[in-house]
Amino acid sequence: MAESIYDIYNKAIKEQQQLATPTAPLSVLDEIQAYRNQLASIRQAEEQKKVQQMGFLNRSLQSVGDVLGTLGKGVAKGVEGIADAGRLLRANITDVDDIRANMERKIAYDTTENSEYTQWLNRNTQGSYLNDTWLEGAIQSVGEMLPSVALNAIPVAGQALSTASFVTSAMGRGAEQALQEGATLEQATKYGVV
């Protein structure tokens, strides 16, 4: 029989109590973090239980929705990359420190991942067979390239626009990743360009 949510909760409490000794009591912040960890474990166990109770047809339908939703998420991520590249350019040419700092914050913030759409998608495709697999990442990458593919259909200038949007999006996504990992603006710019 699977462990109940309450067994997991009690087990986590006992582990935390074992960490606290008379010579090294847990601080209030440690207790708060332990509580958050316990709640996260409970939520994760509840989600896993829901997925285990889903039928094949339900999970298959969620997987189809996950493919379409992840393509959409990829398109949004590609467009966000283009916007981040514009912010990167603005941050590098301005002399105003406040504007530069604001642009850095906006680039580092993952708008797509923190959007209501992504939260909705994650909630409604918990049973998808694609969740957390390499295939889900590949589908998102295809979605990221769709704007460039669509631009390629424009007569005469399509190929140039397609290439420019692809390169610009990759530059913005690279700069976002670098800033999230603690790089300076200059380092993020180099990382985005390369």
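**A patch and a pocket**

Helices α6 (134-151) and α7 (158-180) each contribute at least two residues to a nonpolar patch. Keep in mind as you look around that this is a predicted model. The patch lies on the surface, covers about 500 Å², and is built from Val142, Met145, Leu146, Val149, Phe166 and Val167. Of the helices involved, α6 provides the largest share, with four residues.

Leu146 is a handy residue to pick out here. It belongs to helix α6 and is one of the residues that make the patch. Is Leu146 buried, exposed or partly exposed? Its relative accessible area is 35%, so Leu146 counts as partly exposed. Membership of a patch calls for over 30% relative accessible area, and Leu146 has 35%.

Now let's turn from the patch to the empty space. Rolling a probe the size of a water molecule over the atoms reveals where such space remains. The largest pocket has a volume of about 310 Å³. Two elements, α2 (28-53) and α5 (116-124), give two or more residues to its lining. With four residues, α2 gives the most.

Which residues should you select to see the lining of the largest pocket? They are Gln44, Glu47, Gln48, Val51, Gln119, Asn122, Arg123, Thr125, Gln126, Asn131, Asp132 and Glu136. Sorted by class, this lining has seven polar residues, four charged ones and one nonpolar residue. The patch on the surface, by contrast, is a nonpolar one.

Definitions and conventions
Residues numbered from 1 in each chain as written. Predicted model: local features only at pLDDT ≥ 70, side-chain atom pairs only at ≥ 80, totals over all residues. Heavy atoms only, no water. Patch = residues over 30% accessible without salt bridge, like charges linked within 9 Å, V, L, I, M, F, W, Y side chains within 5 Å. Areas by Shrake-Rupley, 256 points an atom, 1.4 Å probe, with all protein chains shown as cover. Salt bridge = Lys/Arg side-chain N within 4 Å of Asp/Glu carboxyl O. Buried < 20%, exposed > 50% of the residue type's maximum accessible area, 1.4 Å probe, protein only. 1 Å grid on protein atoms, 1.4 Å probe; cavity = no way out; pocket = protein on both sides within 12 Å on 5 of 7 lines; lining within 4 Å. Points joined across faces, edges and corners; volume = space filled by probe spheres on them. Nonpolar A, V, L, I, M, F, W, Y, C, P; charged D, E, K, R; others polar.
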